[in-house]
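Reader: I should like a close look at a single part of this model, namely one helix together with its surroundings. Please set out the overall context before turning to the details.

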Amino acid sequence: MSVAAVMGGKKVVVTGGAGFIGSNLVIALVNAGAKVTVIDPMLPGLGGNPFNLHAVVDRVEWLREDMRDDELLRRVLPGTDVVFHLAGLVSHKLSMEDPSRDLGLNYHT
């Protein structure tokens, strides 16, 4: 079964969507016909790069907001079919220096 057959027309949220893995997923989803919302605040040390989304930036909703914001999630998630959670620190050193931040970025209740 193709990605388009599975994801076409779906409402999808990708946290960390401007990172290397997230952006490639976003591009594939957009090309498959999904309606994609990217949540990536472009915080230092998290790996996001605006260039990664240049091919689809006009076809996604990009929220440069922090996914730890409960109000943001209440606004964005209703009606969402799939969430790909790819936000997180890319540096082991940074995660060890500030484990609370790391936990907040990787796990949200």
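Author: The model is predicted, and its pLDDT averages 89, with 95% of the residues scoring at least 70. Among the elements, β2 has the highest mean pLDDT, 98, while helix α5 (residues 99-106) has the lowest, 72.

The protein contains five helices and four strands. Read from the N terminus, the order of these elements is α-β-α-β-β-α-β-α-α. The C-alpha trace spans about 45 × 30 × 25 Å along its principal axes. A compact globule with 109 residues would have a radius of gyration near 13 Å, and the 14 Å of the protein agrees with that expectation. Of the 109 residues, 35% count as buried. The protein exposes about 6,200 Å², of which carbon and sulfur atoms supply 59%. If contacts between residues at least 6 apart in sequence are considered, 65% of them join residues at least 24 apart.

The part chosen for the close look is helix α2, residues 20-31. At 1.5 Å a residue, its 12 residues should span 16 Å, and the end C-alpha atoms are 17 Å apart, so the two values agree.

Which residues of α2 are buried? They are G22, S23, V26, L29 and V30. These residues cover an arc of only 125 degrees around the axis, and therefore they lie on the same side of α2. A general property of helices is relevant to this pattern: an α-helix has 3.6 residues a turn, so residues three or four places apart point the same way. The face turned away from the buried side of α2 carries the exposed residues F20, I21 and N31.

The cover over the buried residues of α2 includes α1 (3-7), β1, β2 and β4 (82-85). Two of these covering strands can be examined through one residue each.

In strand β1, which comprises residues 11-15, the residue to consider is T15. T15 has a relative accessible area of 4% and is therefore buried, since the cut-off for burial is under 20%. Beyond residues up to four places away in sequence, T15 touches I39, M67, F84, H85, L86 and A87. One of these partners, M67, lies in the loop between β3 and α3 (70-76). M67 is likewise buried, because its relative accessible area is 7%. In space, the C-alpha atom of M67 is separated by 18 Å from that of K35, and the two residues are 32 residues apart along the chain.

In strand β2, the corresponding example is T37. With a relative accessible area of 3%, T37 is buried. Once its neighbours within four places in sequence are left aside, T37 is in contact with V12, V13, V14, E61, L63 and V76.

What follows α2 along the chain? The helix is followed by G33, which has a positive phi near 100 degrees. G33 lies in the loop between α2 and β2. Its relative accessibility is 40%, so G33 counts as partly exposed. Apart from residues up to four places away in sequence, G33 touches M7, G8 and G9. From G33 to L53 the distance is 16 Å, C-alpha to C-alpha, for a separation of 20 residues in sequence.

The loop between β2 and β3 completes this view, and M42 has its place there. The phi of M42 is near 60 degrees, a positive value in a residue other than glycine. M42 is partly exposed, its relative accessible area being 22%. G45 lies in the loop between β2 (35-39) and β3 (61-63). With a relative accessible area of 33%, G45 is partly exposed. Leaving aside neighbours within four places in sequence, G45 is in contact with L89, V90 and L94. A link back to the helix is given by V30, one of the buried residues of α2: the C-alpha atoms of G45 and V30 are separated by 26 Å, and the residues are 15 apart along the chain.

Definitions and conventions:
Residues are numbered from 1 along each chain as its sequence is written. This is a predicted model: local features need pLDDT of at least 70, side-chain atom pairs count only at pLDDT 80 or more; totals for chains, interfaces and linings use all residues. Side-chain values use heavy atoms; hydrogens and water are left out. Helices (H or I, at least four residues) and strands (E, at least two) are DSSP runs, numbered from the N terminus. Buried means under 20% relative accessible area, exposed over 50%, partly exposed in between (1.4 Å probe, protein chains only). Contact means heavy atoms within 4.5 Å. The expected span of a helix is 1.5 Å times one less than its number of residues. The arc is that of the directions from the helix axis to the C-beta atoms. The radius of gyration is taken over C-alpha atoms; the globule rule is 2.2 Å times the number of residues to the power 0.38. Accessible areas come from the Shrake-Rupley method with a 1.4 Å probe; for residues, only the protein chains shown count as cover. pLDDT is the predictor's confidence in each residue, from 0 to 100.
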